[in-house]
Amino acid sequence: MRKVGILGGTFNPPHIGHLIMANEAFDALQLDEVRFMPNAIAPHKQLVDDATMENRLRMVEIAIKPYDHFTIETIELELGGISYTYQTMKELCEREPDVQFYFIIGGDMIDSLHTWYKVDELVEIVEFVGLKRPGTQSASTYDVTMVEAPEIDLSSTLIRKRLKNGGTLRFLLPDGVEEYIRKEGLYGTR
């Protein structure tokens, strides 16, 4: 069976924290690949000033381009609407029965896992992989395979604020992403 990590999110925008999480899980669990899975509409993250779905997809493409073991999973964009992990992963498992999926989450998501839609069914079809995040408990009553990794206190919210206020983004975004954001005039950079 192939071992595939899934790192879902809004990626609004993708930053080096996402790459670090994906790479640490890839290495620790000896995965065959990690797929970055942008969601169409997150059930708990809708912002007025969001980049479009196409912008977010393009930024992820730019961010992961140098890394052969990172790919993009577009199932949630294809399905559209609000993205619920259970529905998405059920569909992926049906499409790819020869794959064991590892769903990669940060400490904030570990802490709120009990609130996820159909989480009891979800844990039956995927293995959760967790990476601690500063300021979180990173604890759950559900089984989560923890991966030791550098804890990075970085968020897309911080990146958007820095862009809006003209702060530095050096070393925070993957190569090419800031250039794309500025070219497209995203997050108030016009």
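This text leads through a predicted model, beginning with its sheet, continuing with two helices and ending at one histidine.

The sheet is open and holds six strands, which, read across, follow the order β3-β2-β1-β4-β5-β6 and pair in parallel fashion. Its edges are formed by β3, residues 70-72, and β6, residues 144-146, each of which has a pairing partner on one side only. Going from one strand to the next, the twist averages 35°.

Within this order, β1, which spans residues 2-9, runs parallel to β4, which spans residues 99-106, and five bridges join the two strands. One point of reference in this pairing is Val4, which stands opposite Phe101 in β4.

Helix α1, made up of residues 16-29, packs on the sheet and touches β1, β2 (33-38), β3, β4, β5 (127-131) and β6, while its direction makes an angle of about 145° with that of β2. Helix α2, made up of residues 53-64, lies across β1, β2 and β3, and in relation to β3 it runs at about 165°.

A closer view of helix α1 can be taken from His18, a residue found in that helix. Is His18 buried or exposed? Its relative accessibility is 14%, and because a residue counts as buried when this value is under 20%, His18 is classed as buried. Once its neighbours within four places in sequence are left aside, the residues in contact with His18 are Leu7, Phe11, Pro13, Phe36 and Ser156. Of these contacts, Leu7 falls within the residue range of β1, and Phe36 falls within that of β2.

Methods. Residues are numbered from 1 along each chain as its sequence is written. This is a predicted model: local features need pLDDT of at least 70, side-chain atom pairs count only at pLDDT 80 or more; totals for chains, interfaces and linings use all residues. Side-chain values use heavy atoms; hydrogens and water are left out. Two strands pair if DSSP finds at least two bridges between them. Helices (H or I, at least four residues) and strands (E, at least two) are DSSP runs, numbered from the N terminus. Axes are lines fitted to C-alpha atoms, for helices over the stretch in contact, and angles run from 0 to 180 degrees between N-to-C directions. Contact means heavy atoms within 4.5 Å. Buried means under 20% relative accessible area, exposed over 50%, partly exposed in between (1.4 Å probe, protein chains only).
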